[in-house]
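This briefing goes from the whole chain to one sheet, then to a few single residues. Please keep the sequence and the 3D view open while reading.

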Amino acid sequence: MANSTSANLKLTVQATGENSGTWGQITNTNLLILEQAIGGYDAFNVTNASRALTFTNGAISDGKNEVIKLTGTLAANVNVTIPDSIEKTYTVQDTCNHAGYTLTFKTTSGSGVALCEGHTYQLWSDGTNIYKGSEEKVWRAITSAETVQPGAQILANTNGGAFTLTLPESP
């Protein structure tokens with residue numbers, strides 16, 4: 001019987017009697033993947049293109065990190081996706097300037113969770129969609145015209161003069 005791969009973290013599941021001489025290397029890689037899933041951190045820039053997080057079989061890959069920090073200024077609506085069928089939890093910090101665009105964390109075919117500037121989320125996937133377990137909201141000072149996202153907590157700083165805030169239709 002040949003090796004197989006686990007469903008969620010894509011660990012190598014070794015068949016009995018297989019991998020003579022390489023068992024230790026495969027086990028060490030599996031332990032590194034577990035470490036990444038429990039405490040791994042990655043920060044990446046999202047601007048104008050959606051990003052698909054990867055789950056490579058038997059290897060460390062960006063979708064397996066526990067903590068993900070999103071950075072940059074959006075120039076379009078952007079999705080960050082994980083493959084369908086993956087069951088996993090994430091801590092996601094959205095430090096992006098949305099610039100009026102949306103940022104959604106989702107499975108490939110799910111609807112996901114729309115993120116709000118500056119907030120940190122505990123998210124989980126059931127293999128079909130992403131769900132919000134909790135959200136840490138932060139206050140954000142606005143000093144110029146902006147269309148405010150649903151869920152945003154804002155302070156309007158008018159020291160520099162008047163400006164227009166467009167509130168969401170459905171806060």
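What percentage of the 171 residues of the protein chain count as buried? The share is 34%. The model is a predicted one, and every value below is computed from it.

**Overall form**

- The protein chain has one helix and 15 strands.
- Its radius of gyration is 20 Å, whereas a compact globule of 171 residues would come near 16 Å.
- Taken along the principal axes, the box filled by the C-alpha atoms is roughly 75 × 25 × 25 Å.
- Contacts between residues at least 6 apart in sequence include a 53% share that joins residues at least 24 apart.

**Surface and charge**

- About 9,100 Å² of the protein chain is exposed, and carbon and sulfur atoms supply 52% of that area.
- The chain carries 9 positive and 14 negative side chains.
- The centres of these two sets of charges lie 1 Å apart.

**The four-stranded sheet**

- An open sheet is formed by four strands in the order E4-E6-E8-E9, with mixed pairing.
- E4 and E9 (113-114) are the edge strands, as each of them pairs on one side only.
- Strand E4 (residues 51-52) runs parallel to E6 and is joined to E6 by two bridges.
- In these E4-E6 contacts across the sheet, Arg51 has Val80 as its bridge partner, and Ala52 stands opposite Thr81.
- On the E8 side, E6 pairs with strand E8 (residues 103-107) over five bridges, again in the parallel sense.
- Val80 is also placed opposite Phe105 of E8, so this one residue of E6 faces Arg51 in one pairing and Phe105 in the other; in general, side chains in a regular strand alternate between the two faces of the sheet.

**Strand E6 and Ile82**

- Strand E6 covers residues 78-82, and four of its five residues are buried, so the strand is largely enclosed by the rest of the structure.
- Ile82 belongs to strand E6.
- Its relative accessible area is 1%, so Ile82 counts as buried, the cut-off being under 20%.
- Which residues does Ile82 contact, leaving aside its neighbours within four places in sequence? They are Leu53, Phe55, Tyr90, Phe105, Lys106, Thr107, Thr108, Ser125 and Ile130.
- Phe105, one of these contacts of Ile82, is the residue of E8 that stands opposite Val80.
- Thr54 is 28 residues from Ile82 in sequence, yet the two C-alpha atoms are 6.9 Å apart in space.

**Two loop residues with positive phi**

- Asn19 is not a glycine, but its phi is positive, near 70 degrees.
- Asn19 sits in the loop between strand E2 (12-13) and helix H1 (23-39).
- Is Asn19 buried or exposed? With 15% relative accessibility, Asn19 counts as buried, because the cut-off for buried is under 20%.
- Ser85, likewise not a glycine, has a positive phi of about 85 degrees.
- The loop that holds Ser85 lies between E6 and strand E7 (87-94).
- Ser85 has 47% relative accessibility, so it counts as partly exposed.

Conventions:
Residues are numbered from 1 along each chain as its sequence is written. This is a predicted model: local features need pLDDT of at least 70, side-chain atom pairs count only at pLDDT 80 or more; totals for chains, interfaces and linings use all residues. Side-chain values use heavy atoms; hydrogens and water are left out. Buried means under 20% relative accessible area, exposed over 50%, partly exposed in between (1.4 Å probe, protein chains only). Two strands pair if DSSP finds at least two bridges between them. The radius of gyration is taken over C-alpha atoms; the globule rule is 2.2 Å times the number of residues to the power 0.38. Contact means heavy atoms within 4.5 Å. Accessible areas come from the Shrake-Rupley method with a 1.4 Å probe; for residues, only the protein chains shown count as cover. Lys and Arg count as positive and Asp and Glu as negative; His and the chain ends are not counted. The place of a charge is taken as NZ of Lys, CZ of Arg, CG of Asp or CD of Glu.
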